[in-house]
Amino acid sequence: MLKKMLTLLTMASVATLFFGSTAYAADWTGGCTTADCHAGIEEIVPPDLQMAKQLKMNGQMHGDPDGCVMCHGGNPKATKKEEAHKGIPATLRMAPGPKEYYPDPGSIWIAENTCGACHVGYGYRAELSLMNTETGKISGNLHTWGIKEAADFNNPYGNYDAEDIDSQVPIVGTEEYRAYMKDQIAMYPKQYPKSLQQMPNPTVDEVKADPKLAAMTYQRTDCNRCHIGVRGREKRGDYRGMGCSACHILYSNDGFYEGNDKSIKKDEPGHMLKHQIVGNRKTDGIPVETCNSCHNRGKRIGVSYQGLMEFPYGSPYNEDGGKQPKLHTKKYMFISDDLHHQQQSRKGNPEGGLLCQDCHTSIDMHGDGNIHGTTMGQVEIECTDCHGTPKKYPWELPLGYGDEFGRKEMTKPRGVADKLMNTGQQFGYPYDAEDGFILSTRGNPLGNVVRRGNKVIVHSATGNDFEVAGLKAIDEADAWKDPSGEVAMNAISGHLEKMECYTCHASWAPQCYGCHVKVDYSSKDGKQKGATDWIASGNTRDAQGQTSESKLGSGGTFVAGKSMESRSYLRWEDPVLGIGGEGKVSPLMPGCQVTYTVVDDTGEVIVNNMIADAPDEAKYVGQEHVPLAIDMAPVQPHTAQRKARTCESCHSNAKVAGLGLGNGTFGTKQHENYVADLLDAQTGEIIPGKHSVQIQAIPKLDFDWSQIVTREGEQLATVGSHWPLSRAFNKKELDTFLRPNTCMGCHQNMSEVELWQKVSKEGMLNPKEHQDKMNEMLKNMAKHAPVTK
């Protein structure tokens, strides 16, 4: 079987296949970097690296002393561009290796002939990974439109037809990891489908018969441009390569080439920054901003990690009197960047901060050869893998800690690994194991994280090394900087048992309430409204690995139907909490809160402000009332701060509990048309006969977008559409969680002057004095309390 064959291939055997031929002696000179062609182009990797030496040595054997043909293919003997950029002559072909000329050797569609010749199986893994299939994104959006195929946590669709052609045993990973994933897949088979079908592309007539199918047009034109099978949108901040090149070749926000290859235009946006691969300490790491060319929509974790949140204003004015340039077609405000990023961005700190790749593993990025239906299905790390708990170091924790998904917790300490995975499975800088490589919660060694005594050291691809704040070390040294941290994690054991770490430590989350989508299939001035279909573009490709939109300015494959988006309002503070897919308390953020309007090909509005129902949600939370399909999705916001949220910010906040802003008192008339005109004060009748509706009704929405549950525990909206454990708090949990009006326990007695004078003093107490006074009262009560047996 393919997976087993790939697993058995070692780097030595690949090198023999790829580089072993000596049939073509270097009896000519020339190659790609002659004066008439790519003179001055940068070395793809530093010349002292073994990779560079190997490329040049083997390129020499095939007529190219620069080694370019080993990745790009082409004819190194040609003297004209047209001939050089054609297919490789039969006498020069290599197996495995390039068979054509490849403008972007990283393209996922030909990667097994290029990058995959050395990095065995990576192309296959990436092709089935979430970065290419986007199946979770597709299912989440379709669910909120009411598409039945996406109900009940099913994941039938992807960007491409895909099949896991052998057993669902991962290609890569330790035996412990493979056993773990076998159990995970057995528990949740819907989250790990064996095959995917390309998401359908409905005709206009089909949409007219069933307007909710416009979801698929919207998905194709607006949501799915960020997969690695295509090159993506030609807008500031969105320029990137395809496949492997999407991450490992840098593009600036403005997309201008700054290298020395005279054949590449320097005044045309859409080109790589330089002809150089990045990925580890040898070549430099992958900047956060590269990840953000995609991770700026949906859960927006990339820009949130930087501290950025979109907003409509573009203020303040710049030195020319204008507003800020758009980035990813949006304008941004700065809130607060993640703690792990802050050190990178703060002036005066010589160390820098962590890159995305410093935490996220190869499996997180490339997949493991299985089809994953959701992000949490593919990501293998937890915060405690590095930080541990106040009572256990990471190596003392069992596998699966923090990643339970409802399973019974294991008990055996996971330990550390003395070596990485098998040759060819784990690339990167060769760090010394020291006292062992730290293991992920699913059992794989983290190649850049090691144990040093009782310390955890993270080796960043930036070249910096960081000592992790280990919770057990802090607890043993009684070095808590804030007593609330010790109370939250030690005294109240339920916090660690029932909550994600980022429930408290994520200081904010972008909250885009109300996703108002209009899909318009009409024409204007005889021209059909429509846009680039990113899925059809990726499925239209040639032998060189190029898709219909990958050539600059080509525009891609057109589809009828123009999608437009708007929102109701934005927030960032005090994210709502609920139960996430792993069964723990998690921050939530508006996912796909879609209310849709559809205009047909005649210009008629056939559906206006429709919200779908979610009968499957009612079934899984066990209630008769059918919630709406608008989704408040569990999220790891990537906005962690050293100082966590305060107790009051959660336990005294109705919005955080899911009861909505203002405890559900706002937004209660959204289901009615609102006319802002002259009214009769007695009757409420509209006085002018000729008037307009100011705010159009959303017929099903009689509560605010921020509310997901009533005080009696009846769920009003969807909470996550990927995992059966995700939901809003139930009544029992709300009764336990909410502690409003706590202040009144004491202050209701302020009007009792004589009593109050006995327990207070003249003037105002500062917060510390107030806390001390309450502590004194509690101890006084305990002192005089009767002894109980």
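In the predicted model, the largest nonpolar core comprises 32 residues, of which I630, L701, W705, I708 and F737 touch the most other members. Four elements, β16 (577-579), β17 (585-590), β20 (628-634) and α27 (731-737), each supply at least two residues of this core. The largest share, three residues, comes from β20. A second, separate core of 23 residues includes I147, A150, Y218 and Y521. In soluble globular proteins, nonpolar side chains tend to be buried together. The surroundings of F737 were examined further: apart from residues up to four places away in sequence, F737 touches L577, C650, H651, V656, A657 and F729.

Two helices illustrate opposite degrees of burial. Helix α11 (residues 214-223) is largely enclosed by the rest of the structure, because ten of its ten residues are buried. Among the buried residues of α11 are M216, Y218, R220 and D222; Y218 is also listed in the second core. In contrast, α30 is hardly covered, with a count of zero buried residues among its 18 residues. The length of helix α30 (residues 767-784) was compared with expectation: at 1.5 Å a residue, its 18 residues should span 26 Å, and the end C-alpha atoms are 26 Å apart, which agrees. The N-terminal end of α30 is capped by N766, a side-chain oxygen of which lies 3.1 Å from the backbone nitrogen of K768.

Several strand arrangements were identified. Strands of a sheet pair through backbone hydrogen bonds, either parallel or antiparallel. An open sheet of four strands follows the order β6-β7-β8-β9, and its pairing is antiparallel. Its edge strands, β6 (437-439) and β9 (465-467), each pair on one side only. From one strand to the next, the twist averages 45°. Within this sheet, the antiparallel strands β7 (residues 445-452) and β8 (residues 455-459) are joined by four bridges, and V450 has I457 of β8 as its bridge partner.

A further open sheet consists of three strands in the order β1-β3-β2, with mixed pairing. Here the edge positions are held by β1 (157-158) and β2 (162-163), each of which pairs on one side only. Two bridges connect β2 with strand β3 (residues 195-198), and these strands run antiparallel. In this pairing A162 stands opposite L196 in β3.

Strands β18 (residues 594-599) and β19 (residues 605-610) likewise run antiparallel and are joined by three bridges. V599 stands opposite V605 in β19. The hairpin formed by β18 and β19 has five residues between the strands, and G603 takes a positive phi near 90° in this hairpin.

Three loop residues were considered individually. P156 is placed in the loop between α8 (135-145) and β1. With a relative accessibility of 25%, P156 counts as partly exposed, since this value falls between the limits of 20% for buried and 50% for exposed. The C-alpha atoms of P156 and T135 are separated by 7.7 Å, although these residues are 21 residues apart along the chain. When neighbours within four places in sequence are set aside, P156 is in contact with S139, E149, L196 and Q197. One of these contacts, L196, is the residue of β3 that A162 stands opposite.

H328 is located in the loop between β4 (308-310) and β5 (332-334). Its relative accessibility is 3%, so H328 counts as buried. The side chains of H328 and N296 are joined by a polar contact of 3.3 Å. Beyond residues up to four places away in sequence, H328 touches R233, R236, G237, D238, N292, S293, N296 and V303.

E404 lies in the loop between α19 (384-387) and β6. At a relative accessibility of 11%, E404 also counts as buried. A polar atom of the E404 side chain lies 2.9 Å from the backbone nitrogen of G402. Residues up to four places away in sequence being excluded, E404 touches E409, E582 and K584.

Key
Residues numbered from 1 in each chain as written. Predicted model: local features only at pLDDT ≥ 70, side-chain atom pairs only at ≥ 80, totals over all residues. Heavy atoms only, no water. Expected span 1.5 Å × (residues − 1). Buried < 20%, exposed > 50% of the residue type's maximum accessible area, 1.4 Å probe, protein only. Polar contact = N/O pair within 3.5 Å; in protein donor to acceptor, adjacent residues only side chain to side chain. Contact = heavy atoms within 4.5 Å. Pairing = 2+ DSSP bridges. Axes fitted to C-alpha atoms, helices over the stretch in contact; angles between N-to-C directions. Core = buried A, V, L, I, M, F, W, Y, C linked by side-chain atoms within 4.5 Å.
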